[in-house]
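Work through the exercises below with the sequence and the model open. Each task is followed by a solution in steps.

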Amino acid sequence: MRWCFSDDLEVAQAADRESALTALRRMEPDVVTLDLGLPPDPGGASEGFSLLEDILRLSPQSKVIVVTGREDKENAVKAIGMGACDFYQKPLDADILTFVVNRAFRIAELEKENRELSQHRNGTSIKGIVAASPQMLAICRTLEKVAPTDVTTLIIGETGTGKELLARALHDLGHRRAKPFAAINCAAIPENLLESELFGFEKGSFTGATQSKKGKIENANGGTLFLDEIGDMPMSLQAKLLRFLQERVVDRVGSLKPIPVDVRVVCATHQDVRQLIDQGTFREDLYYRISEITLDVPALRERDGDALVIAQSLLKSLGRQMDRPNLSYTEDAICAISSYHWPGNVREMINKVKRATIMADGKRVTALDLELKQDSLVDDNQLNLRQVRETAERQAILQALQSCNFNMAQASRLLGVTRPTLYNLTDKYRIGAPETTSGA
């Protein structure tokens, strides 16, 4: 049976109940094939049924496929009734066995995805954000505390660090989640149009204004207004925005009647606002008004171990989208990801991993597929590839385990590897859960 499976599967064999339970605790397998005729009752099924009960109790998420004799339909039906996922009848047929096992893996995968979706809002899980570093987890914890309030928030960070994702998370985790989320990029709209886009205008207020129109602020009424790249907002509009933040009313262009609006305001910029204030291009009073809470998002290169964790997650999700599952990185790719400076942050990584997913030959993604040059991999210490890989791998594993409180199942999903693989890696790098101490 073992040779029926591809090299992608990690297979363990057990000859009796005791060794099977040892392997079960060690590997926590998604799928188990179980022959009911086990010693000391190889001619019967009592030992097999006892082991089935043990498996379902110790690892209820494992899918058990019972292997029976050709004429042994009664035991197969009984096993299904006890909780087995499926059954397979001897004699061995490699194609049928592979089909049955792959079907069980698919069921296990669907159930796992469903559990993850149902638990999405637990802990520090924020949609679209993959993080294991203490720097980013601190941002996530702060965001979760701030989200239920209406406090005006300023998100600062380099381009590509996920500022809009965090802004949307503030909205989705707050009490305004059922209301609109209106976003406007202050740097993308010409100065002469930005005012009407934000505040709206009345019919006849300027040439071409054939009817009245609400602005972004009014459209966000009851919800959240996200002002991206607020550091690029013209000085002429900053005074009007400040008045809105103070009075919570908007004046449409060409109107004398103020309109009350109830919105939460979230702003973001990649610029140093303090420097803009010193240069006289940003109002200091507006800065204090928009920064009741500030989230300073670290660049990807400053997030210990996150580059490899994010890259693994992207490869898994993009591979699934592009019908190229089971892709993995070569040693030089892991070295490249960990050593590269990532000036474009996560946005740049998404582009590179997407290209690599398309261009990779076979199931291994190389540094060349990622378009990461060799000279970007070598630091001042001229470490060899194995040393760099092992250092990066150990750091990523440790960060993932710490972020999951050393829950091996969660950490393996975060890293994009199987639990048995993660167990082997923790043994290799001698990483263990911290010992707990109790005091009198």
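**Exercise 1.** In this predicted model, classify Ser59 as buried or exposed, then place Ser59 in its element and list its contacts beyond four places in sequence.

Solution.
- Step 1: The relative accessibility of Ser59 is 13%. Buried means under 20%, so Ser59 counts as buried.
- Step 2: Ser59 sits in the loop that runs between helix H2 (46-58) and strand E2 (63-68).
- Step 3: With residues up to four places away in sequence left out, Ser59 touches Leu24 and Pro29.

**Exercise 2.** Describe the surroundings of the residue annotated in UniProt as "modified residue: 4-aspartylphosphate".

Solution.
- Step 1: The annotation, from an unreviewed UniProt entry, covers Asp35.
- Step 2: Asp35 belongs to strand E1 (residues 31-35).
- Step 3: The relative accessible area of Asp35 is 28%. This value falls between the cut-offs of 20% and 50%, so Asp35 is partly exposed.
- Step 4: Beyond its neighbours within four places in sequence, Asp35 is in contact with Gly48, Val67 and Lys90.
- Step 5: A polar atom of the Asp35 side chain lies 2.9 Å from the backbone nitrogen of Gly37.

**Exercise 3.** Determine how many residues of helix H16 are buried, and examine both ends of H16.

Solution.
- Step 1: H16 spans residues 408-415, and six of its eight residues are buried.
- Step 2: The buried residues are Met408, Ala409, Ala411, Ser412, Leu414 and Leu415.
- Step 3: At the start of H16, the backbone nitrogen of Ala409 has a side-chain oxygen of Asn407 within 3.1 Å.
- Step 4: Just after H16, Gly416 has a positive phi of about 75°.

Conventions. Residues are numbered from 1 along each chain as its sequence is written. This is a predicted model: local features need pLDDT of at least 70, side-chain atom pairs count only at pLDDT 80 or more; totals for chains, interfaces and linings use all residues. Side-chain values use heavy atoms; hydrogens and water are left out. UniProt positions are given in the numbering used here, feature names are shortened, and annotations may be inferred rather than shown by experiment. Helices (H or I, at least four residues) and strands (E, at least two) are DSSP runs, numbered from the N terminus. Buried means under 20% relative accessible area, exposed over 50%, partly exposed in between (1.4 Å probe, protein chains only). Contact means heavy atoms within 4.5 Å. A polar contact is a pair of N or O atoms within 3.5 Å; within protein, one must be able to donate a hydrogen and the other to accept it, and residues adjacent in sequence count only if both atoms are side-chain atoms.
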